[in-house]
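Visitor: Could you take me through the cysteines in this one? I'd like a close look at any disulfide and at what surrounds it.

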Amino acid sequence: MAHPSGCCHPCATCLLCFYSCHWVTAKKRKSLKTTKCDCSWFLFLFCVFLFTLVWLYFTIIILNDFHNFNEFIFKQRKLWLDWSLVLLIATAVLITYSAALVVLALCLQLCGQPLKLHWLHKSLLILSTLVVAAAFAGLGIKWAEEWKSAYISLQATGPFLHIGTVGGMTLLAWPLASFIYRTHSTGLKMFLLFVYCAVMIALYLVPLGITSPCIMEENQLPPKPALVGHRGAPMLAPENTLMSLHKAVDCDVQVFETDVMVSADGVPFLMHDEQLTRTTNVQAVFPERAALNSTTFNWTDLQQLDAGSWFLERRPFHTVQSLSAGDRYQVTKQRIPSLEQALEAAKQSNISIMFDLRPENHSDYQSFVNATLEVILQSGIPLQQVLWLPDGFREQVKQQAPGVQQVYGRKRLQNEKEPLLHVNLPYQDMSSEEIRQYRQGNISVNLYVVNQPWLFSVLWCSGVSSVTTNACQVLKEMKHPMWLLPSSTYLMIWIVVDCTSLLAILWAFLLLK
């Protein structure tokens, strides 16, 4: 290959050194040529880069739900770690490595240098492919609902991914034009031009298939969804404690969402896990009983447990680091609250309370329902502020406490005798169109768990009634969706981006000819 007149010999030598992992003199470099095998390895490198780029996108998307994964690992291994940091670091290493090699290869091509990829890079690229493939496989097997999350995310990122991809492919026109003008194989030239043109045409037409609820006029934007505090405000205080409830109130939540269990002596209390090990110091106080179900403890025993210090020790969210000294002290004083205490706090704060009653497969579940209903009726809280989630013995609840709002964890059925008024579902289980239909039918839709602003924006534009969130302090500050585009503006952007890209590509091929 001829060396371009404007290329610096030392720079070309350094680039080739990094790419080939050995020093090549100028004299030896002249005898080297890019073979078909070298081209195949560059194509493989580019595919690995795209593969890891897609995984990076998935990594960012699943961060919304990663706290659930941390809890799952703790239940299995009794080890608490913020695995999202591990995932992000590993992904950053993979994408940085493959991106650096792609940039080196493109620079070498522009300088007219041979693409001699070292065997070490080849081995690492194959290893990267296997690691990412294993990650995708694990995602599909253990966390399949995240594929739905990725589809929803495209409603938020689709227009921007389109612009970014068009820009990236446009920049690729320069090294491609350089390669085409240097190669002597007519068949290879035609193949590359055909593939590139086909990809670009497809990209130019992609906006025809992009749908997003946030492509609408400003005056069509539905009201901001109400916030439901998932176990309170778990980023600011230990979950399912009175401190967490009060922090949620400070975040303007309208509903405190929690989980109720019943002690061995019949006292309903707030607790999510069936075991007490994650959110209390039960291993220190009752080491021989730490693995037992929460319902086997009586209320006197439960009151001896510290339900706050774990929050400072394990730091389940990054926000723990920013707690004030006063908040840290208050955290250490938290105990497991009874349902009676939670109802009193909700009544004084004038917020609603929504809860699950666990575990639903318990042999004494009916007695759990009776004990819970008794506490609710004796608390003096207005019954319309109580949102009942459990399906077990629902008819009994309707009869004994008719004022309690019934919330269903399923979609409405055809020809249903009693119409649903409130539904509570994972955000992956309802499309934007279904949300609009439910809204038109005056059915309140609450979706969980929504932590990221991009997801909150999509659901806001879709018209959801409320969302359950860990990040009430973040979503409280959002006065507007992250983006909102009238269809006419989006059409104009589409035309400008595509026309600019086409002109840049033509310029690249004419300039390098």
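Guide: Here is a walk through the cysteines, with a short stop at the cavities afterwards. Keep in mind that this is a predicted model, so every value here is computed from it.

Let's start with the bond itself. The structure holds 1 disulfide, and the partners are cysteine 214 and cysteine 461, with an S to S distance of 2.2 Å. That pair ties together distant parts of the chain, 247 residues apart. Cysteine 214 sits in the loop between helix H9 (186-205) and strand S1 (226-230), while cysteine 461 belongs to helix H19 (residues 453-462). As for handedness, the torsion about the S-S bond is about 95°, so this disulfide is right-handed.

How accessible are the two ends? Cysteine 214 has a relative accessibility of 2%, and since anything under 20% is called buried, it counts as buried. Cysteine 461 is buried too, with a relative accessible area of 2%.

Two further cysteines are worth a look. Cysteine 251 comes in at 5% relative accessibility, so it counts as buried. Cysteine 107, at 30%, falls between the 20% and 50% cut-offs and therefore counts as partly exposed.

Now for the cavities. Searching the whole structure turns up 3 cavities of 30 Å³ or more, and the largest has a volume of about 60 Å³. Its lining includes Glu239, Asn240, Thr241, Leu270 and Met271, along with Thr279, Ala307, Arg335, Ile336 and Pro337. By residue class, that lining splits into 5 nonpolar, 3 polar and 2 charged.

Methods: Residues numbered from 1 in each chain as written. Predicted model: local features only at pLDDT ≥ 70, side-chain atom pairs only at ≥ 80, totals over all residues. Heavy atoms only, no water. 1 Å grid on protein atoms, 1.4 Å probe; cavity = no way out; pocket = protein on both sides within 12 Å on 5 of 7 lines; lining within 4 Å. Points joined across faces, edges and corners; volume = space filled by probe spheres on them. Nonpolar A, V, L, I, M, F, W, Y, C, P; charged D, E, K, R; others polar. Disulfide = S-S within 2.5 Å. Helix = DSSP H or I, 4+ residues; strand = E, 2+ residues; numbered from the N terminus. Buried < 20%, exposed > 50% of the residue type's maximum accessible area, 1.4 Å probe, protein only.
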